[in-house]
Amino acid sequence: MTSQVLNGAGRARKPRNNRLFRFFPARPDDPEARRKGRARFARFLGYYRPHLPLLTTILASAVLVAATAIAMPLLANHIVARLPELADSPDATRQLLFIGGVMLVIFVLQALATYFVDYQGHVMGARIEAQVRRELFEHCQKLSFTFYDRQRTGQLMSRISNDSLWLGELFHHGPEDVAISLLKFGGAMAVLTWIDPMVAGTIALMIPFAIGYAMIFNRRMNIALRTSKERIAGVNERVEDALGGIRVVQSFANEADELRRFEVQNQHFLQSRKDGYRSEALLWSGMDGFAQLVTVAVIVIGAFRILHADLSAAELLTLLLCVGVLLDPIKRFDNFIRLWQEGYTGFTRAMELLEEEPDIADNPDARPLSDVKGAIAFRNVRFRYEADVPLVLDGISLDIRPGEFVALVGPSGVGKSTLCALIPRFYDVDGGSVSIDGHDVRSVTLAALRRSIGMVQQDVYLFSGTVWENLLYGRPGASDDEVIAAACAANAHDFITALPQGYDTDIGQRGVKLSGGQKQRLTIARAFLKNPPVLIFDEATSALDNDSERAVQQALLGLARGRTTIVIAHRLSTVRHADRILVLTREGMVEQGTHDALMAAGGVYAGLHSTQGRI
Ligand code: ADP
């Protein structure tokens with residue numbers, strides 16, 4: 001029983017693990033996986049729905065391509081069979097020209113149908129592919145921070161761009177290849193059988209060997225292809241890492257080391273390409289050899305049958321032309337299988353991503369927030385990032401009044417950023433609640449919640465583009481005057497106008513052309529434009545020069561006026577301005593009060609202050 005499994009009737013049958021059967025993807029044992037597989041296939045077919053009229057026309061054209069391909073040998077047969085009769089006919093030339101004309105018309109029809117299938121079919125495939133890509137991108141935008149914490153962006157990019165390229169090909173070639181191949185194969189076999197059943201039978205006996213051969217080498221090719229894909233991901237990862245961190249690489253003068261690491265991945269990739277090409281060459285030469293073999297067999301058998309007067313020369317010519325038509329689908333077959341495997345695994349990967357449920361979404365009864373005052377309350381909040389790790393926040397309770405300026409201080413890693421991330425629901429609490437104006441953040445719509453909160457993060461993210469475009473991101477409909485007013489309020493206008501093209505200056509990818517302080521002032525300006533009632537500011541830990549620090553500080557104080565502000569503070573100057581300082585340690589919220597009161601108390605805050613000189 002170890003190597004055999006029992007089927008439903010209780011008889012033992014061999015598991016399907018021989019070479020040929022392994023060519024097909026194993027049928028999952030899990031009923032849930034099978035149900036998912038069926039649902040995905042239904043979804044695959046569903047993508048054709050909006051294109052049904054076009055698909056029908058493409059399939060009709062495919063029938064025409066196959067029919068005209070079969071018509072050619074039949075017409076050739078007709079001409080050659082009638083040659084003796086035509087030799088004596090006075091209007092032989094006219095008749096030959098007529099048949100030639102008919103062949104020309106058929107050829108033109110075939111060319112037109114092929115063009116239509118090829119062009120419109122590809123366009124249809126590309127449209128479906130674009131649709132899938134759009135769905136993927138749209139879905140990725142909804143997925144929550146937890147998802148991105150465990151995903152690599154490079155992998156996601158490859159799913160959205162590379163994988164979907166194969167999808168387009170599959171959506172196009174799938175129906176077309178199946179239709180043309182079946183029709184050509186069936187039609188050619190029918191004509192062969194009609195002309196000479198013996199030749200047809202011989203070919204029919206040879207075909208399974210060709211298919212078996214194609215399957216084995218196709219499978220090998222696919223394995224190599226998949227390995228190549230994985231290894232090119234390794235190459236990409238090195239490129240992304242080394243070029244993304246080029247400043248670090250060069251500052252450590254580690255170029256040679258990076259090149260060595262890159263070359264390891266590059267050579268791995270090269271090896272898998274070599275394996276793939278070997279299998280591909282074996283596959284193609286084998287298929288060509290098979291085509292020659294069939295042709296030779298048809299010529300030899302045909303010649304014998306002509307000798308015995310069982311076959312005419314015209315019929316032999318038709319047989320040979322038919323063999324050409326017959327072999328085309330066999331050659332296409334392996335291409336189709338590859339397409340199917342590549343495309344459908346890509347489709348499955350895309351569907352897996354689409355099936356990923358966002359952890360954080362609007363509750364069914366979520367309501368919009370209006371006229372937000374900015375009261376924030378934490379009630380016995382407990383939170384951990386993953387199920388099996390210790391709690392980051394354990395029983396935090398806190399009330400922040402509307403318009404209050406609160407500074408959050410404490411050692412690194414105690415959960416200050418985490419606490420702030422719970423307010424806009426980047427993560428949901430594991431226990432207790434967070435509320436805004438008395439509404440649990442889970443009871444209001446995400447869009448309304450996040451519209452009422454402005455975040456200025458330490459890790460400033462600016463998009464590639466101009467200064468203007470980056471500012472407008474705060475409120476896309478803002479007028480020119482509003483944008484400039486926001487830049488002025490953020491102490492950014494002067495440095496922006498001093499840039500080579502002022503507001504139209506391209507700031508480079510992620511704002512590399514700007515200093516830390518400048519970037520932070522741009523994000524403050526963005527927050528001014530957004531004008532949210534609640535502001536969360538994660539102060540940069542890296543020291544800014546005095547001028548920058550003062551400029552950022554002033555901008556922040558301007559922005560904080562009239563709104564609830566929570567600052568994860570690292571500078572004394574910021575903390576001094578706070579209405580209240582909250583001290584967070586691993587034991588929780590251990591102290592709160594003004595700077596003077598906390599210094600006088602001589603507790604944790606005073607300790608942090610005197611030992612580190614920073615808070
Ligand atoms: P602080 O802002 O006080 O420096 P954080 O809130 O950034 O602290 O981090 C608190 C703890 O949570 C740290 O131990 C940190 O390693 C962990 N942490 C932060 N972000 C994540 C994350 N995305 N996934 C898992 N753990 C995280």
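## A tour from helix α1 outward

Start with helix α1 (residues 31–46) and select F41 and F44: these two sit three residues apart in that helix, so about one helical turn separates them. Keep in mind throughout that you're looking at a predicted model.

**The α1 aromatics.** Show the rings of F41 and F44. A search of the whole structure turns up 22 aromatic pairs, and F41 with F44 is a stacked one, 6.0 Å centre to centre with 15° between the planes. Now colour by accessibility. Which of the two is buried, and which partly exposed? F44 is buried at 4% relative accessibility, whereas F41, at 37%, is partly exposed. The cut-offs are under 20% for buried and over 50% for exposed, with partly exposed in between, so 37% lands in the middle class.

Next, widen the selection. Add Y47, Y48, F171, Y344 and F347 to F41 and F44, and you have one aromatic cluster on screen.

**Over to α3.** Select L104, F107, V108 and L112 and switch on the surface. Together they make a nonpolar surface patch with about 400 Å² of accessible area. Zoom in on L112, which belongs to helix α3 (residues 92–142). Its relative accessibility is 53%, so L112 counts as exposed.

**Then α8.** Pick R305, in helix α8 (residues 255–307). Is this arginine buried or exposed? R305 is buried, because its relative accessible area is 18% and the cut-off for buried is under 20%. What does R305 touch, leaving out residues up to four places away in sequence? Show D196, M198, D310 and L311 as sticks: those are the contacts of R305.

**Two backbone stops.** Now hide the side chains and look at phi. Most residues other than glycine have a negative phi, so the next two picks deserve a click.

- Go to D371, in the loop between α9 (313–355) and β3 (376–383). Phi of D371 is positive, near 50°, and this residue isn't a glycine. With a relative accessible area of 62%, D371 is exposed.
- Move on to N531, which you'll find in the loop between α15 (516–530) and β9 (534–538). N531 isn't a glycine either, yet its phi is positive at about 55°.

**For a last view,** put three picks on screen together: buried F44, buried R305 and exposed D371. Add L112 as another exposed residue, and you can flip between the buried and exposed picks as you rotate.

How values were computed:
Residues are numbered from 1 along each chain as its sequence is written. This is a predicted model: local features need pLDDT of at least 70, side-chain atom pairs count only at pLDDT 80 or more; totals for chains, interfaces and linings use all residues. Side-chain values use heavy atoms; hydrogens and water are left out. Patches are made of residues with over 30% relative accessible area and no salt bridge: like charges are joined within 9 Å, nonpolar side chains (Val, Leu, Ile, Met, Phe, Trp, Tyr) within 5 Å. Accessible areas come from the Shrake-Rupley method with a 1.4 Å probe; for residues, only the protein chains shown count as cover. A salt bridge is a side-chain nitrogen of Lys or Arg within 4 Å of a carboxyl oxygen of Asp or Glu. Helices (H or I, at least four residues) and strands (E, at least two) are DSSP runs, numbered from the N terminus. Buried means under 20% relative accessible area, exposed over 50%, partly exposed in between (1.4 Å probe, protein chains only). Contact means heavy atoms within 4.5 Å. Rings of Phe, Tyr and Trp (its six-membered ring) pair if their centres lie within 6.5 Å; planes under 30 degrees apart count as stacked, over 60 as edge-to-face and the rest as tilted.
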